[in-house]
Amino acid sequence: MRDTPDFTTVHSEVSSPASTGPAPILVAEGLTRQVGFDSELLTILDGVGFQLPAGASLAIVGASGSGKSTLLGLLAGLDTPSMGTVTLAGQSLSTLDEDGRALLRGQHVGFVFQSFQLLPALTALDNVALPLELRGERNARNEAAALLERVGLGHRIQHRPKELSGGEQQRVALARAFVTRPKLLFADEPTGNLDTQTGERIIDLLFELNAEAGTTLVLVTHDERLAARCGARLRLAAGKVIERAGI
């Protein structure tokens with residue numbers, strides 16, 4: 001087993017040398033999400049479609065209530081569409097049940113949330129090592145410690161979330177997301193609970209780790225500066241795509 005995360009290996013796995021460019025790692029076709037409300041059918045997301053090649057970065061932007069987080073949930077298989085399909089890492093999510101989608105996420109996907117989602121009873125080291133331990137990897141704690149060192153928390157590995165600042169907690173969450181060497185990373189407002197200066201440091205770190213790992217990045221944000229750092233942009237309004245760039 002490796003003593004440190006081998007990001008170079010991951011990059012070679014997710015990049016395609018073919019002259020036609022990388023194959024799509026994420027494909028959305030006609031994604032629609034409707035819910036019943038007071039005897040009416042509300043459309044939260046309406047016919048969204050795109051293809052994202054491996055190694056790309058995509059910002060999903062729009063005002064509150066535009067459907068950003070709904071789209072992210074559908075793309076990650078956390079929710080199912082009323083119509084349309086999602087293909088993730090070559091697998092159609094519509095062919096999988098809930099357990100199958102969870103297994104696919106465990107194999108290929110990492111998450112970073114606005115609210116950190118750390119387990120409060122566990123130390124930073126245990127929070128980061130847990131995804132690897134669930135896979136049965138024997139070197140989980142060494143890999144977790146190496147990545148916590150990489151994000152500047154080597155001296156805080158035995159601290160629990162309540163003993164860490166918001167920025168430190170989000171760095172732990174980044175380490176946890178990248179420790180499994182995911183092909184695809186979903187981030188939902190990753191700086192939403194942080195002050196501007198801390199948020200900028202977290203975003204710098206996110207893009208540094210993303211570049212090293214060659215991971216495909218999909219993030220939801222209302223921050224236009226953050227969106228501008230992504231190679232592609234999808235803007236939503238009232239559940240519809242009103243602007244797309246680089247995709």
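User: What makes Glu 98, Asp 99 and Leu 103 of H3 exposed rather than buried?

Analyst: A residue is called exposed when its relative accessible area is over 50%, and Glu 98, Asp 99 and Leu 103 are exposed in H3. Keep in mind that this is a predicted model.

User: Which residues of H3 are buried, then?

Analyst: In H3, which runs over residues 98-108, the buried ones are Gly 100, Arg 101, Leu 104, Arg 105 and His 108. Buried means under 20% relative accessible area.

User: How do you know that these buried residues sit on the same side of H3?

Analyst: The arc they cover around the axis is only 140 degrees, so they lie on the same side of H3. It fits the usual helix geometry: an α-helix has 3.6 residues a turn, so residues three or four places apart point the same way. Glu 98, Asp 99 and Leu 103 are on the other side of H3.

User: What do the buried residues of H3 pack against?

Analyst: Strands: S4 (83-88), S5 (91-92), S6 (109-113) and S7 (184-188).

User: What about H5, which residues are buried there?

Analyst: H5 covers residues 140-150, and its buried residues are Ala 140, Glu 143, Ala 144, Leu 147 and Leu 148. Their arc around the axis is only 135 degrees, so this set is on the same side of H5. Just after H5 comes Gly 152, with a positive phi of about 85 degrees.

User: Why is Gly 167 called buried?

Analyst: Its relative accessibility is 9% and the cut-off for buried is under 20%, so Gly 167 counts as buried. You'll find Gly 167 in helix H6, residues 166-179.

User: What does Gly 167 touch?

Analyst: If you skip residues up to four places away in sequence, Gly 167 touches Leu 194, Thr 198 and Ile 202. There's also a C-alpha separation of 8.8 Å between Gly 167 and Thr 191, which are 24 residues apart along the chain.

User: What makes Ile 203 buried?

Analyst: A relative accessible area of 6%, set against a limit of under 20%, so Ile 203 is buried. Ile 203 is part of helix H7, residues 196-213. Leaving aside neighbours within four places in sequence, Ile 203 is in contact with Pro 190, Thr 191, Leu 226 and Arg 229. For Pro 190, 13 residues away along the chain, the C-alpha to C-alpha separation from Ile 203 is 8.1 Å.

User: And why does Gly 110 count as buried?

Analyst: Here the relative accessibility is 4%, and buried needs under 20%, so Gly 110 qualifies. Gly 110 belongs to strand S6. Its contacts, not counting neighbours within four places in sequence, are Ala 177, Pro 182, Leu 184, Leu 185 and Phe 186. The C-alpha atoms of Gly 110 and Ala 187 are separated by 8.4 Å, though 77 residues apart along the chain.

User: Why is Ala 89 called partly exposed?

Analyst: Partly exposed is the band between under 20% and over 50%; Ala 89 has a relative accessible area of 29%, so it gets that label. Ala 89 is in the loop between S4 and S5, and its phi is near 55 degrees, a positive value in a residue other than glycine. For background, most residues other than glycine have a negative phi.

User: Is Arg 181 buried or exposed?

Analyst: Buried: its relative accessible area is 17%, and the cut-off is under 20%, so Arg 181 falls on the buried side. Arg 181 sits in the loop between H6 and S7. Its phi is positive too, about 55 degrees, although Arg 181 is not a glycine.

User: Zooming out, what helices and strands does the protein have, and what makes it as compact as a globular protein of that length?

Analyst: There are eight helices and ten strands. The radius of gyration is 18 Å, close to the 18 Å that the globule rule gives for 247 residues, so the protein is as compact as a globular protein of that length. Along the principal axes, the C-alpha atoms fill a box of roughly 50 × 40 × 35 Å.

User: How many of the 247 residues are buried, as a percentage?

Analyst: Buried residues make up 47% of them. The accessible surface comes to about 11,500 Å², and carbon and sulfur atoms account for 49% of that.

User: What share of the contacts joins residues at least 24 apart?

Analyst: 70%, taken among contacts between residues at least 6 apart in sequence.

User: How far apart are the mean positions of the positive and negative charges?

Analyst: They are 2 Å apart, for 23 positive and 28 negative charges.

Conventions: Residues numbered from 1 in each chain as written. Predicted model: local features only at pLDDT ≥ 70, side-chain atom pairs only at ≥ 80, totals over all residues. Heavy atoms only, no water. Helix = DSSP H or I, 4+ residues; strand = E, 2+ residues; numbered from the N terminus. Rg over C-alpha atoms; globule rule 2.2 N^0.38 Å. Buried < 20%, exposed > 50% of the residue type's maximum accessible area, 1.4 Å probe, protein only. Contact = heavy atoms within 4.5 Å. Areas by Shrake-Rupley, 256 points an atom, 1.4 Å probe, with all protein chains shown as cover. Lys, Arg positive; Asp, Glu negative; His and termini not counted. Charge placed at Lys NZ, Arg CZ, Asp CG, Glu CD. Arc of directions from axis to C-beta.
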